[in-house]
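Please examine the sequence and the model shown here. The explanation that follows is meant for a reader new to both.

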Amino acid sequence: MAGTCAFSEIIEGDVYKYYSEGEWKVSSSGKTVSIVNPTTRKTQFKVQACNQEEVNKIVESAKAAQKSWAKTPLWKRAELLHKAAAVLKEHKKPIAECLVKEIAKPAKDAVTEAVRSGDLVSYCAEEGVRILGEGKFLVSDSFPGNERTKYCLTSKIPLGVVLAIPPFNYPVNLAVSKIAPALIAGNSLCSSPHPGKDMTLENASLGLPIQGAVAALHMVHCFHLAGFPKGLISCVTGKGSEIGDFLTMHPGVNCISFTGGDTGVAISKKAGMIPLQMELGGKDACIILEDADLDLAASNIVKGGFSYSGQRCTAVKVVLVMESVADELVKKVNETLAKLTVGPPEDDCDITPVVTESSANFIEGLVMDAKQKGATFCQEYKRQGNLIWPLLLDNVRPDMRIAWEEPFGPVLPVIRINSVEEGIRHCNASNFGLQGCVFTRDINKAILISDAMETGTVQINSAPARGPDHFPFQGLKDSGIGSQGVTNSINMMTKIKTTVINLPSPSYTMG
């Protein structure tokens with residue numbers, strides 16, 4: 001981690017610095033925020049508690065740096081992004097170590113996140129050159145009543161300062177998914193780690209951890225090592241009560257890209273007239289038809305519902321299975337669940353501690369509600385600290401909280417249905433609409449169900465997933481605003497500029 005030579009300048013004593021104007025700095029507030037290790041439940045790291053004056057300086061320097069960056073040739077922007085990608089991959093191990101200690105991500109998955117992030121940055125550089133290197137040419141006589149007296153040239157130009165707020169569960173990958181598109185498009189970038197799935201920017205002041213911040217600081221240092229101009233990129237940490245609203249409502253911020261929970265709703269109401277990109281979670285439904293390959297369905301349910309202990313927006317959150325095949329499916333899922341390993345992330349276990357004690361308490365509340373209302377426990381409920389053993393709840397009814405609320409943990413409800421229409425109704429009754437999936441051998445049924453499901457994406461015969469990272473990724477209803485994916489993010493972080501050439505008389509090209 002920071003003890004290695006490459007990262008020695010990002011820490012002073014036992015406190016990590018924040019990044020501004022091309023330098024690693026100690027906050028003038030003299031205060032810090034603690035980050036708790038989910039496994040040990042003890043303070044693992046400390047980061048700076050920046051103040052509003054420092055946020056102002058960051059935004060001011062970002063605005064100044066952006067003006068010069070917008071004049072940097074596209075190929076040069078792409079060249080620096082490729083360099084940053086290489087540095088990220090080179091330092092995948094120290095970044096992965098942070099992910100293991102900060103968010104209890106299994107060691108192997110932590111390395112994968114770092115490598116995947118480098119790949120995303122490189123892909124974004126290539127795609128940006130293609131997208132931004134093209135414009136449109138229109139002529140006026142294509143619209144009725146006009147002669148060819150006007151030539152219209154359109155191009156994409158940067159928005160200005162982009163505020164990127166990634167979530168705790170993918171603090172590196174979902175940070176670069178915002179940073180790389182912003183930079184290739186000619187914007188400057190301020191990144192601020194989010195307090196966590198179960199926290200708002202406001203209650204972060206209560207001493208709750210900003211999980212993933214140290215991994216994000218390591219990632220930002222990779223961009224620093226790549227040689228990006230001073231002031232173009234910054235990373236600020238602090239208490240939500242001090243800088244949360246101040247940052248998201250700052251008049252110098254021209255765009256916000258946020259991934260997280262309910263905090264995004266509050267941000268969207270306060271942000272004003274700027275472009276927003278929001279991904280705010282889901283209750284992804286998995287519909288199992290009578291003709292489904294149950295072995296395939298069971299393996300995907302376990303992978304989709306329990307990888308990274310279910311702490312994924314695209315995790316399977318509810319199984320809607322036809323009654324005639326429910327017993328067999330539940331049996332196969334239980335057999336697969338029994339093979340999962342449970343323990344610390346350092347041992348590369350399948351199920352690791354959830355990110356905070358408050359998260360574990362919330363999950364337990366959903367489990368106890370289901371127990372009180374008569375759900376069938378396929379395994380004994382077991383918890384040690386933040387570590388919750390995988391649990392499948394059968395015979396869940398719509399009156400149980402777990403049928404609707406997002407647990408963000410290794411607990412999965414099964415609702416038995418008597419018709420496809422019943423499953424679709426349950427899916428669409430949710431206030432979320434991120435992803436869903438359907439398992440059937442009948443492609444015609446699959447397409448009809450996909451069209452009927454009110455979700456941003458429907459996977460056919462596979463669990464929900466974000467990626468590959470160039471695929472569009474979006475949610476309907478309370479799951480978000482706008483669409484992600486490399487191409488969509490680049491387009492979202494630009495605006496159209498039009499130049500019209502007026503001719504004194506109509507001009508036509510002669511064949």
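The paragraphs below turn to a sheet, its helices and then the cysteines.

This is a predicted model, in which local features need pLDDT of at least 70 and side-chain atom pairs count only at pLDDT 80 or more, while totals for chains, interfaces and linings use all residues. Residues are numbered from 1 along each chain as its sequence is written, and side-chain values use heavy atoms, with hydrogens and water left out.

Helices (H or I, at least four residues) and strands (E, at least two) are DSSP runs, numbered from the N terminus. Two strands pair if DSSP finds at least two bridges between them. An open sheet of 7 strands, with mixed pairing, follows the order β16-β19-β20-β15-β14-β22-β23. Its edge strands, each pairing on one side only, are β16 (376-377) and β23 (457-460). Within the sheet, β15 (residues 318-322) and β20 (residues 411-417) are parallel partners joined over 4 bridges; L320 has I415 in β20 as its bridge partner.

Helix α10 (residues 323-337) packs on this sheet, touching β14 (285-288), β15, β19 (391-394) and β20, where contact means heavy atoms within 4.5 Å. Its direction makes about 135° with that of β15; axes are lines fitted to C-alpha atoms, for helices over the stretch in contact, and angles run from 0 to 180 degrees between N-to-C directions. Helix α13 (residues 443-452) lies across β14, β22 (435-439) and β23, at about 165° to β23.

A disulfide is a pair of cysteine sulfur atoms within 2.5 Å, and the count by this rule is 0. C437 is in no disulfide, the nearest cysteine sulfur, that of C286, being 3.4 Å away. C437 is buried (under 20% relative accessible area; exposed is over 50%, partly exposed in between; 1.4 Å probe, protein chains only), with a value of 0%.
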